[in-house]
Each structure stands twice: as C-alpha cells, then as structure tokens.
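Please work through the exercises below with the sequence and the model at hand. Each task is followed by a solution that goes step by step.

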Amino acid sequence: MTDLSSRNPDWWRQAVIYQVYPRSFADADGDGLGDIRGVTERLTHLSTLGVDALWLSPFYPSELADGGYDVADHRDVDPRLGTLADFDAMVAEAHRLGLKVIVDIVPNHTSHRHLWFEEALRAGPGSPARERYVFRPGKGKHGELPPSDWQSVFGGSAWQRVPDGEWYLHLFAAEQPDLNWDHDEVRADFRTTLRFWADRGVDGFRVDVAHGLAKDLTEPLRDIGDLAATGEDALERVAPGTHPYWDRDEVHEIYRDWRKVFDAYSPSRTAVAEAWVPGPRTALYARPDELGQAFNFPYLQAPWDADELRRRIIDALAAARSAGASATWVLSNHDVIRHASRLVLPPDTDDNAWLLSGGRAPAVDERAGLRRARAATLLMLALPGSSYLYQGEELGLPEVADLPQAALQDPIWEQTGRTRKGRDGCRVPLPWTTDGPSYGFGAGGAWLPQPESFASYAVEAQAGAAGSTLELYRTALRLRRKLLEGERLTWAADTPPGVLHFARSQGWRCVTNLSDAPVPMPPGELLLASTPLEEPGAGVLPPDTTAWLGA
Ligand code: GLC
C-alpha cells in the first residue's frame with residue numbers, strides 16, 4: 001500500500017489535495033466572509049472526506065481587489081480572516097488530523113497597498129524603490145502612451161500611469177503591480193517568505209502565476225502585436241520561451257533557487273506551479289530541482305471526449321515521467337466554471353456569453369452535469385499522480401451562473417467595461433446545512449448570494465445519504481488509499497469507441513463510458529460506480545459513468 005504517512009517525504013506524489021478558498025469556506029465570526037477559524041472548525045470535513053492535504057488560497061492582508069491575490073503583506077493574516085495565532089492553531093489541528101497544509105504564494109505581483117509599492121509611489125521616478133517594480137516612462141510626445149502594448153489578463157493595457165507621469169506594469173488588475181524579479185531584494189524577500197511559512201509548519205506551496213515572473217525588460221520593450229493577451233493562446237504561436245512576459249526560460253532559475261529553500265527542511269517542502277502554458281512546457285516547472293509538480297490545465301480544459309482525454313492523459317504521464325515528476329490532475333478551481341456545469345456545455349460554447357445569459361443560453365441540465373462530473377471525478381481519482389479537488393465539488397455544486405451583476409466582485413467585470421462576467425460563480429460560499437441564514441456558512445449572510453438550490457447540496461443533506469455525491473467522494477478516497485500502488489497505468493486492449501479503460505496495480509481497473517449508449521461492463525468485482533447501477537449484475541456500463549473494478 002502507498003505510504004501516505006506524515007513521515008513519508010514522497011507523500012505528495014500521489015496525494016489528494018483539497019483547495020480551500022478561505023473567504024468562501026466557513027465563516028466563524030459571522031461577518032459574511034469566511035475565515036481561518038472557520039477552516040479549523042471544519043477540518044474534520046476534510047479528514048472524513050479522506051484527503052491528504054488542504055491548499056489554502058490567499059488569506060493574507062488584502063483589500064480584495066482580486067479575491068486576496070492582491071497581497072499587501074506576504075507574511076501576515078488578513079485581520080478580517082484572523083491572526084497568525086489562528087493560523088498556527090489551524091496548522092496544528094490539521095496535522096493532528098493527519099492533513100498536510102499547503103499555502104498559496106503570490107510572487108508575480110503585490111497589492112498596490114504593499115509597503116514597497118507605496119514607497120515606490122512616494123519616492124518618484126529614478127528612485128531605488130521603483131526598481132522593485134516595473135516602472136517606465138510612457139511613449140508619445142508627452143509620455144501619454146503606455147510603454148508597450150502588453151495586455152492585462154483581466155482586460156486592457158497592462159500599464160497604469162501614476163500622477164508623476166511614469167507608468168507601471170500590471171499583468172493582472174491595476175491594484176496588482178508586477179514585481180521586478182531581476183532585483184536581488186525581491187528574490188531575497190521571497191526566500192524569507194517561504195521560510196516564514198515553512199518554519200510555521202506549512203508542508204508546501206502553490207505558486208501563483210509561476211510562468212509570469214521573468215520578463216524581457218531590455219529596452220526598447222518588445223511589443224506583442226496581435227498575440228492574444230492571456231498567455232496560453234499566445235504561447236502556442238511563439239517559439240517556446242521567447243514571449244516577453246510569459247513562460248520565459250529564465251523563470252526556472254528562480255525555482256531552482258527556491259528548491260534549495262525547500263530542501264533545507266525535513267521532509268522537504270513541496271510545491272506546485274500554476275502555469276498556464278502549453279502541455280509539454282508544464283512539466284519543466286515540475287522538475288525535481290524546481291517545484292516538483294505543476295497543475296495539468298490541459299486536462300482541466302479537455303472536452304468530455306474519450307479520445308481527447310486519453311491523448312491528454314498519455315501526454316501528461318509521458319511529460320511528467322520525462323521530467324522526473326509525478327503527474328497531477330484537476331477538474332475545478334476558483335478560476336474556472338465548476339465541472340458539474342462545464343462538462344455539459346456544448347464544446348463550442350462561449351463561456352462568457354453563457355455566464356452573461358445567467359446560465360440560460362444554452363440551458364444546462366443540472367442532473368446530467370452532475371452525472372458527468374461524478375464520472376469524471378472517479379476517472380481522475382484512478383489516475384496515477386496527485387488529484388487537486390476544489391471545495392464544493394465533493395457536494396456536486398454547479399456553477400452559479402445567474403449571480404446578479406450588482407453582486408459581482410471579480411475585477412474582470414469592471415476592468416473589461418462590464419463585458420466579461422468573471423469567476424464569482426465558482427466562489428459562492430459553501431452550503432453546510434439545509435437552512436439557516438447562509439446555509440451554515442456562518443451565522444450571518446454570505447459575501448456572494450447563494451441560490452436556494454444550495455440547500456439540497458448541503459453537507460448536512462448528503463452526509464450519510466446513500467448515493468450522494470459526498471458519499472461517493474468519501475468511498476472513492478477510501479478505496480483509492482487502499483488500492484494505489486506505484487505509478488503505472490496500463491491501457492486495456494480492444495476498448496469500444498467512447499470508452500476509457502485502464503489497469504493500475506494488483507489488477508485494479510477503471511472504466512469510463514463517455515459514449516451516449518450503454519457498453520458491456522468488463523469482468524471483475526464492481527467496487528464503485530459513479531452512477532447507481534440499476535442492475536449491478538447485468539454486465540452493462542451506462543453512459544456517462546465510471547466504474548472501478550477489482551481483480
Ligand atoms: C492566479 C489565480 C487567480 C488570480 C491571478 C492573479 O491565476 O489563480 O485567481 O486572479 O493568479 O494573481
């Protein structure tokens with residue numbers, strides 16, 4: 001059996017990690033915003049679920065211009081979410097329950113409320129304080145034009161002008177100025193931050209925008225022309241490593257440096273890169289002398305199609321193997337449409353148009369979505385490597401596509417002149433109970449409105465209920481722990497079209513029917529099925545269903 005005990009330094013290679021978006025998880029003080037004590041109070045939900053670790057999205061001081069990814073102090077807790085003592089208590093309780101703790105590190109940018117940026121604004125052009133960021137004079141006769149045509153991921157120019165006439169770079173919101181990673185002080189400060197959290201007992205780090213830190217700042221700055229702004233599409237169209245600000249080869253030096261910090265601890269601290277780069281480039285971030293793992297976004301973006309999924313699984317396993325890393329899998333996170341809705345959107349859907357229509361055009365069949373989501377989850381959990389779960393997917397939560405415009409908080413909404421609705425629909429606070437002011441999220445309201453349908457998805461409604469999504473996850477994670485050994489996957493021969501079928505160790509197999517007709521169930525003991533089977537012995541695997549089979 002795979003040793004997932006706390007002493008095993010390789011625990012992360014085949015772990016299940018649960019993402020907590022703290023502001024939407026649980027609110028202990030009733031102010032409508034989730035907090036650290038809320039996480040601590042609900043940790044038994046995670047240990048009962050059977051995950052190995054939790055990853056906390058940012059909980060640092062922040063004015064919430066980007067949901068906490070605008071960090072004003074990387075080494076403190078937002079007073080609205082608690083204190084460092086609350087954080088320490090949370091880590092202690094997690095460890096007592098056998099859960100590892102991973103925190104989010106946001107190195108590409110700070111908040112504009114960070115002391116360094118406030119100092120840079122005061123100090124003026126040409127000052128050393130401005131060197132920590134990317135300040136430049138503008139173009140045009142009076143410097144009235146941005147220094148280059150670089151684009152913000154959230155829409156519009158990536159440059160913002162300050163009152164003294166200079167411009168600063170922000171690849172995300174204007175409240176998130178980019179740091180200058182050529183600066184020794186920036187590098188040293190992040191080493192200090194990593195040690196600060198590692199010394200407090202944190203087991204690993206999720207590295208935000210890992211592909212953005214290194215920029216080509218040689219003058220004159222190179223325009224990107226018609227390359228798309230959002231990284232990945234653009235990266236398919238340039239020679240690898242040559243885009244002026246995404247996925248540059250020099251970025252890897254930074255992670256080789258961080259690895260020395262991680263390895264000074266016993267066990268070594270782990271890390272996972274958030275890098276939206278083309279598949280083969282992803283594994284570079286996961287090399288053993290760098291971060292060790294990288295999110296597999298090509299998998300998350302795959303359509304519900306057997307051939308496409310098989311191809312992406314094969315590619316990811318090969319890339320991870322060649323990098324000496326372990327593969328990762330993810331279906332949902334705080335930046336994308338929840339997979340219980342996404343997987344039934346027709347492949348050519350414009351996601352933003354769907355969100356703007358309030359989830360009505362096209363209409364989504366919630367039951368069909370949940371059925372697919374459950375099949376997709378069992379498939380993912382059978383793959384060798386680590387799976388990253390996003391809070392609420394264990395309840396089968398759909399995307400809340402009809403959030404009223406007045407409720408939207410994602411900076412994307414305003415920064416695009418209210419044309420892109422953004423990511424709030426997957427960040428709606430969790431339902432814990434079937435009634436109460438915010439379905440048990442807290443004693444007060446919730447910072448984003450929860451739909452009435454959340455009552456039926458609540459933990460209280462599903463715990464102990466046969467066939468519920470929560471019980472499916474619990475059973476799957478328990479079986480997974482017992483059955484996983486080694487990282488081998490062997491595809492079965494003679495699989496019908498639309499079906500994925502592979503074996504892991506000890507004759508344990510996973511079969512998914514992605515076609516729209518029933519297919520014969522391969523022989524073997526049925527351990528678990530994502531859809532309750534009407535006639536378990538009938539030898540049939542219904543559509544949109546995954547089964548786990550024993551020898
Ligand atoms: C990452 C985060 C996202 C955030 C962005 C800027 O992509 O996942 O939520 O907006 O970085 O920090």
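**Exercise 1. In this predicted model, identify which residues ring pairs link into a cluster with Trp150.**

Solution. Starting from Trp150 and following the ring pairs, one arrives at a cluster that also takes in Phe154, Trp159, Phe172, Tyr245 and Trp246. For context, the structure as a whole holds 30 aromatic pairs.

**Exercise 2. Classify the ring pair of Trp55 and Tyr388, and state whether each residue is buried or exposed.**

Solution. Step one is the geometry: a pair of aromatic rings is described by the distance of the centres and the angle of the planes. The centres of the Trp55 and Tyr388 rings lie 6.4 Å apart, which falls within the 6.5 Å limit for a pair. Their planes stand at 75°, and because an angle over 60 degrees counts as edge-to-face, that is the class of this pair.

Step two places the rings in the chain: Trp55 belongs to strand 2 (residues 53–56) and Tyr388 to strand 11, so that the pair links distant parts of the chain, 333 residues apart.

Step three concerns accessibility, for which the cut-off for buried is under 20% relative accessible area. Trp55, with a relative accessible area of 2%, is buried, and Tyr388, at 2% relative accessibility, counts as buried as well.

A second pair can be treated in the same manner. Tyr255 and Tyr285 have their ring centres 6.2 Å apart with 50° between the planes, and this pair is tilted. Tyr255 sits in helix 7 (residues 251–263) and Tyr285 in helix 8 (residues 279–285), 30 residues apart, and both residues are buried.

**Exercise 3. Describe the open sheet of 8 strands, and find which residue in strand 11 stands opposite Ile17.**

Solution. First, reading across the open sheet gives the strand order 9-8-7-3-2-1-11-10, with parallel pairing. The edges are formed by strand 9 (292–294) and strand 10 (328–330), each of which pairs on one side only. Neighbouring strands of this sheet are turned by 25° against each other on average, direction ignored.

Next, strand 1 (residues 16–20) and strand 11 (residues 386–390) pair in the parallel sense over 4 bridges, and within this pairing Ile17 stands opposite Tyr388.

Finally, helix 13 (residues 366–382) lies across strand 1, strand 10 and strand 11, and runs at about 150° to strand 11.

**Exercise 4. Determine how strand 13 is paired and which of its residues are buried.**

Solution. Begin with the partners. Strand 12 (residues 490–491) runs antiparallel to strand 13 and is joined to it by 2 bridges, with Trp491 opposite Phe502. Strand 14 (residues 509–513) also pairs with strand 13 in the antiparallel sense, over 5 bridges, and here Leu500 stands opposite Thr512. Strand 13 and strand 14 form a hairpin with 5 residues between them, and Gln506 in the turn has a positive phi of about 55°.

Then consider burial: 5 of the 5 residues of strand 13 (residues 499–503) are buried. Val499, His501 and Ala503 cover one side, Leu500 and Phe502 the other, and both faces of the strand are covered.

**Exercise 5. Find which arginine lies over the face of Trp491, and which over that of Trp432.**

Solution. For Trp491 it is Arg310, at 5.7 Å from the ring centre. For Trp432 it is Arg42, at 4.2 Å from the ring centre.

Conventions:
Residues are numbered from 1 along each chain as its sequence is written. This is a predicted model: local features need pLDDT of at least 70, side-chain atom pairs count only at pLDDT 80 or more; totals for chains, interfaces and linings use all residues. Side-chain values use heavy atoms; hydrogens and water are left out. Two strands pair if DSSP finds at least two bridges between them. Axes are lines fitted to C-alpha atoms, for helices over the stretch in contact, and angles run from 0 to 180 degrees between N-to-C directions. Contact means heavy atoms within 4.5 Å. Rings of Phe, Tyr and Trp (its six-membered ring) pair if their centres lie within 6.5 Å; planes under 30 degrees apart count as stacked, over 60 as edge-to-face and the rest as tilted. Buried means under 20% relative accessible area, exposed over 50%, partly exposed in between (1.4 Å probe, protein chains only). A charge sits over a ring if NZ of Lys or CZ of Arg is within 6 Å of the ring centre and within 35 degrees of the ring normal.
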